Every structure is written in structure tokens, then in C-alpha cells.
Amino acid sequence: MGNIVKSACPLNCWDSCGFNVTIEDGNIKRVEGDPHHPITKGKICGRGRMLEARTNSDQRITHPLKKVDGEFHPISWKQALDEIAEKLSEIKKAYGPTAVFHSHDYANSGLLVNLDKRFFNNYGGVTEVIGSLCWGSGIEAQKWDFGDSYSHAPEDIFNSKHIVIWGRNVARTNMHLYEYLQKAKAAGATLTVIDPIYNATAKIADRYISVKPGMDSFLALGIMKEILRLQLEDRLFIKNYSVGFEDVEDLLASISLEELSQFAEVPIEVFTDLAKIYGNGPTMTYLGLGMQRYENGGNTIRTIDALIAMSGNVGVPGGGANYGNLQVGQSFNIESLTMPHRRQESRQFTMMKQAEEVLKANEPPIKMIVVTCGNPLTQVPDTNLVKQAFESVETVVVLEQYMTDTAAVADYILPVKTSFEVEDIYYASMYHGYMNYSAALVEAPGEAQSDLWIWTELSKRLGFGEVFDFTREEFLEMGLADLNVHGISLSKLKQEHHLLLPVKKVPWEDKVFKTPSGKYEFTASRLDQEGKISLSYPRESSVNNPVLVEKYPYTLLSLHPMRSNHSQHYHLIAGLQQNRVEVSEDVALEKNLSENDRVRVYNDRGQVIGHVKIMKRAHPKTINIDEGNWSQFGGTVNLLTSNEPSDNGLGSILYDCLVNIEKWS
Ligand code: SF4
């Protein structure tokens, strides 16, 4: 039978599900949904269920490993920590703390995951990563427009007359929103899906609109132009609560509907239909993360924000430009956990350019890389360059559970516990506002330790052990301190397992924005950058690089896989262990490709081998290879992607990637 206990999903995902975990004889037996969770209500996806296998697999690294003459050998924790601490100490003395590069990402959430920053701030600083591969340009864009990136509460969808899902396959990546969609539809709301791929969410829509990858802003401009023609704009909002709309009007006057239609590859009558949908709201828009992974990505999100704002769908129940929901993470006292005031020096590399920066850094050079919560050798663009950079550094330390592509290039691998082996609080700044608690449920195999134990031991050796002289529970209480005034405490959370954070259900309802002007900024005044939205195109497009289009005529997307959380589950699922190259029907026709044909997808940065799957009704000239695959199973799609940043500097351009394809024997 086993013992069923409540827990939570730690994976980097919109839904932040509650779990019921079955434990038998001290082992995880099953992971299921917690039916009492207010949002996720007992339903979870396969990625969450796979956490049982991730915890129990005999492929786990269970002892510290050191590479000697190209081979890994088990060593004691004492030896590993003594040697790493000694190197950290020597590097700081000789070059300063920023000669250490901390490569960090968000494979798993967890409040105490942030303690790696506490370690490095007390070390004196470090070279850290900024920006995000995943959603960086969109978050920055919404900060320019609204002052922050906030979403409506899930249940507010029932106040919507129309729902537009723009570039997000919620059936795959946000499954509880999918359920809300079905209910809202049954209650009378209309559902429109805009996406280059005819995905599972599109299949339940009233209206599916296929848009050219990277050209969503031209669709938004076409809709705005029609809204003005039909006089459906919200003049009250524009006059009282916004600045810069005259710049949008000038922009719209500079381009015809026909040109917008040609760029977006969307018929003009669709602009008119959608103008009526936005102009007769409330209309709720859920924006996905893919359409901003282009050089023009920030501008794309800002243009869609402008459409939502000018049509009167900001700050009203049933409306919203729902992208990130940063108010969730902002509820916690992160600074008391990370101690940024202790940093003496700092240097920043963007997430996208980290490899290039490592290779060229000389003031000081990078002498050590420490990797936490990430697998940059599959996830960071231009994998060949990332490998070269990591191999060029004297000491690479990776905190990991498995021999990932990144762990394989390490000098030291420190085996860490899974989320079921540590106590933590889980939340996601993407969708709903609940946080979930999980106790440590089982013992870790072998000598695997928590990240916190590793930071504690290293800090003792480096002379600042007192800043880690707290129990896990005390650290959790530290992070929750600001919430006590709202009646939220660790003991209450432990009792109830999930608690709603004090987040706004309808952001911007008071029409007071966090921008410099306090208004919605169609033309942004933030950071002295050019703040107008504009006509801008992907880097690898016929407008910006027609020669490249001749050579590489197809746009390559790299969607999140259905069954793996990024790269985390590939080694545990036999069916995932080859690249599936999804091609639109016209590509199959042009290249004479049939299902399961072996193909090579290539550009000047690299190549990936895989097997063909033909996508029905996908936008022409489109190919997809899911992200996250390991080198031993055919290699990551990032062998093909570019490490250039997006227009606002803080996002990747992973989808801004032209390729060609051929049969391969
Ligand atoms: S991956 Fe997302 S949908 Fe799946 S169980 Fe975890 S939080 Fe829920």
C-alpha cells in the first residue's frame, strides 16, 4: 500500500502542481496529483510523474567524482571540498572573485535554490549570468510597457468574453490552463489560437490563425490598424492612463494593411475579425514564450501589449497581457536569503553570450566555472562554442544528479539530492499564485548531498561559515518573513501544504503602472533606450539577410518537449532517444521527405541528425526539433542556434534560426 504524503512539483513549468507521493519501504513508489490543490486538482503531467524515476534511477551519480587524465574517479567529500575550496581561495587571491563564473539556470524551482547566490555574494562576488534563454526579452518588454510582468488569476478567465492564446501550446506546457480554457469555452467564451504550428490547443479553438514565425508583431499591427478604422479603441484608457500612443498611430500610418498581411502571412480579413474580438472584450490574451526568441522579440511582445492596451483590455477583469507573473516570486524575501550587500565585486555575462565571454575574458580571465541548476551544454545556444569555452577553463565544478553533457566536461562532479530528498517551498512566477510545501520524503542514495550542505561546507573552509549557520527550516522562515503580516507562516504552510500568496487577481486595475511615468507606456521611457515600437524583423529573415535565406530557406523552432522538462528526462525515456525532425507539409514536398526518413538539418553553426515527422497544417517553411536532447542521443538542437541576444539584450534568439535539410543515410 505505502504511505501517501503531500509534496510538490519542482520543475520549471507554469503549473506548479501539488503532488501526492506514495512511499514504500523508504522509497518513492508513485507520483500522482494532489486532488486538494486548488488549481491543479489532482492532475499532473508525465514530466512530473517521471520524478519517481529521476529519484530512483541507478544512473544517478552517488559519490563525488574527480576527473584525472580524462577519466572520472570517486573521491571523498572531504577531498572534493578541500580541493575546490583551496582553488576558490587561490583564485580570489590571485585574480579576484570574478575570475569564477557561476553558470546558473532554473531547471528546478525551490526557495532555497537561491542560496547559491548567498554563497557567491559572501565569497566576495562572482561573474554571474543575466538575462534568460527562455523568456528574457518578453519580461524586459513588459517592464518597459507596464513596469512589470504580471498575470491575471486563473479563475479570472471566466470573466472573459474572448480568449486569445498567442504562441503557447497550453495543452503541452500549461495543462491546467487547458482545462480552464475548456470550461470557459463551455461557458460561452470564444477561443482563438495564433501559432505557426497547428498544435493540440489549436484543435479545440474556434479560430486558428497560422502566422509566419517571428512576424507576430505585424499581425498585431494589422489588428490595431483595423481597430482604429472601426473606431474600437479605448480612447479613455489612451488619454488618461497611457503615454506615447501618437507614436503608435504614426507607425500604423507608415505601413499598409497589404504590407502587414504580406509580412505576417495572414489574410487581411483575419485582422478585421481579430479587431472585433479585441474591440468587444473583455479579451484575455495568454502570450507564449517562443515568439520572443527572435532578434525582434522584445518589440514583438511590446507590440502585442500595445494592442491589448489600446483595445481596453488592460486592468479589467477578463482581460490582460498574461505573460509572466513575477508578483509570485516578488512575495518572498529573496534578499535576506541571497545577501547581495556582501558582494564586493561583480561582473555579468548574458546567458546567451556566456561561452563567448568566457573565451575572451581577461580582466580577470575565468579560472573556474561552477554550474548549478543547469545543463548549459545542451541548453545554451551554439553548443560547439559552449563546449569549447567550458573545456578551455582550468576547473569546472558541476552540481548534478546525472552524467549530463555538462557534467561530462567537468573536473569535479558533486552529486546532489533530488527535490524529494530535501525540504523546500515551490512556486512558479508564471501562472497561479499558490506556493506549495514539500518535506524531505526519502533518504538520498550513496553520498548525494543537498546544495545547501555543499555551500555550508565550502563556506566553512573559506572563512564565512557563520552565514550558513542556519537550519533549512530557518532559511525557509527567512524567505517567508515578509509574508507574516498576511498571516502566512511556515507552520501554517506545513499544515495546509499550499497557500495563496498576496498577489493581485487583476493586475493594474487601479491603472497605476510601475513605469517611470506611472502610466502605460506605448513609448517607453525606461533606460534611455529607443522606446518606440517599430517595424522590426528576425535577424535571419528575407528582410535582414536575403542571401542567408537563399542558402537556408527554413525557419527552425525548438519547442519544449512534451515528455522531458528541458534536458532532464531524455536519458530515462527510451522513446526520446533520437531527434524527431518535424517539418511542415511543404518542406516534405519540396525535399521529397516521408515519415521516418533519416535527415540532416544544418546551417553554418552545425548539424543535427534525426527522423522526419510531418506536421499537418503547420506554417510553410517551418521545421521543429524539440530542445534538450543529449549528445549521446543525437545531440541538442542548440548545435544550430545563434548566441546573439534579442533587441533588448536580455533574451535569446533561439528561434531566429534558418536551416536547410536533406536526406541522410
Ligand atoms: S511539469 Fe508542470 S504540469 Fe507537469 S507535474 Fe510539474 S508542474 Fe505539473
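**Entry 1: terms and overall build**

I take helices (H or I, at least four residues) and strands (E, at least two) as DSSP runs, numbered from the N terminus. The model I have open is a predicted one. I looked up the secondary structure of the protein and found 23 helices and 27 strands. Next came the radius of gyration, which is 25 Å. The globule rule gives 26 Å for 665 residues, so the protein is as compact as a globular protein of that length. Along the principal axes, the C-alpha atoms fill a box of roughly 70 × 60 × 55 Å. I also looked up burial: 63% of the 665 residues count as buried.

**Entry 2: the ligand shell**

I listed the residues around the ligand. From the N-terminal stretch I noted Cys9, Leu11, Cys13, Asp15, Ser16, Cys17 and Phe19. Ile44, Cys45, Arg47 and Gly48 also surround the ligand, and so does Met175. I then sorted this shell by class. It has eight nonpolar residues, two polar ones and two charged ones.

**Entry 3: helix H4**

I turned to H4, which spans residues 115-123. The helix is mostly covered, with eight of its nine residues buried. I wrote down the buried ones: Leu115, Asp116, Arg118, Phe119, Phe120, Asn121, Asn122 and Tyr123. Asp116 and Arg118 are thus on the buried list along with Phe119 and Phe120. A reminder to myself: an α-helix has 3.6 residues a turn, so residues three or four places apart point the same way. Just past the end of H4 I checked the backbone. Gly124 has a positive phi there, about 120°.

**Entry 4: strand E24 and its partners**

I moved to E24, residues 598-603. Five of its six residues are buried, so I log the strand as mostly covered. I looked for its pairing partners. One is E25 (residues 606-615), which runs antiparallel to E24 and is joined to it by six bridges. The connection between E24 and E25 is a hairpin through two residues. I picked out one bridge pair here: Tyr602 is matched with Gln607 in E25. Another partner is E27, residues 658-663. E24 and E27 are antiparallel too, and they pair over four bridges. On this side, Arg600 stands opposite Glu662. I keep one general point beside these pairs: in a regular strand the side chains alternate between the two faces of the sheet.

**Entry 5: the second largest pocket**

I looked up the second largest pocket and got a volume of about 410 Å³. Its lining counts 17 residues. Those nearest the centre are Ile197, Tyr198, Asn199, Lys203 and Glu582. I then asked which elements give two or more residues to the lining. They are helix H6 (170-173), strand E23 (580-584) and E25. E25 gives the most, with three residues. E25 therefore turns up twice in my notes, as it also pairs with E24. By class, the lining divides into eight nonpolar, two polar and seven charged residues.

**Entry 6: cavities**

Last, I searched the whole structure for cavities of 30 Å³ or more and found seven. The largest holds about 330 Å³ of space. How many residues line the largest cavity? The lining has 23, and Gly167, Asn169, Gly290, Leu559 and Tyr655 lie nearest the centre. I sorted this lining by class as well. It has 10 nonpolar, eight polar and five charged residues.

Conventions
Residues are numbered from 1 along each chain as its sequence is written. This is a predicted model: local features need pLDDT of at least 70, side-chain atom pairs count only at pLDDT 80 or more; totals for chains, interfaces and linings use all residues. Side-chain values use heavy atoms; hydrogens and water are left out. A residue is near a molecule or strand if one of its heavy atoms lies within 4 Å of it. Ala, Val, Leu, Ile, Met, Phe, Trp, Tyr, Cys and Pro count as nonpolar, Asp, Glu, Lys and Arg as charged, and the others, Gly among them, as polar. Buried means under 20% relative accessible area, exposed over 50%, partly exposed in between (1.4 Å probe, protein chains only). Two strands pair if DSSP finds at least two bridges between them. On a 1 Å grid over the protein atoms alone, a cavity is a set of points where a 1.4 Å probe fits but cannot get out, and a pocket is an open set with protein on both sides within 12 Å along at least five of seven lines; lining residues have an atom within 4 Å of a point. Grid points are joined across faces, edges and corners, and a volume is the space filled by probe spheres set on the points. The radius of gyration is taken over C-alpha atoms; the globule rule is 2.2 Å times the number of residues to the power 0.38.
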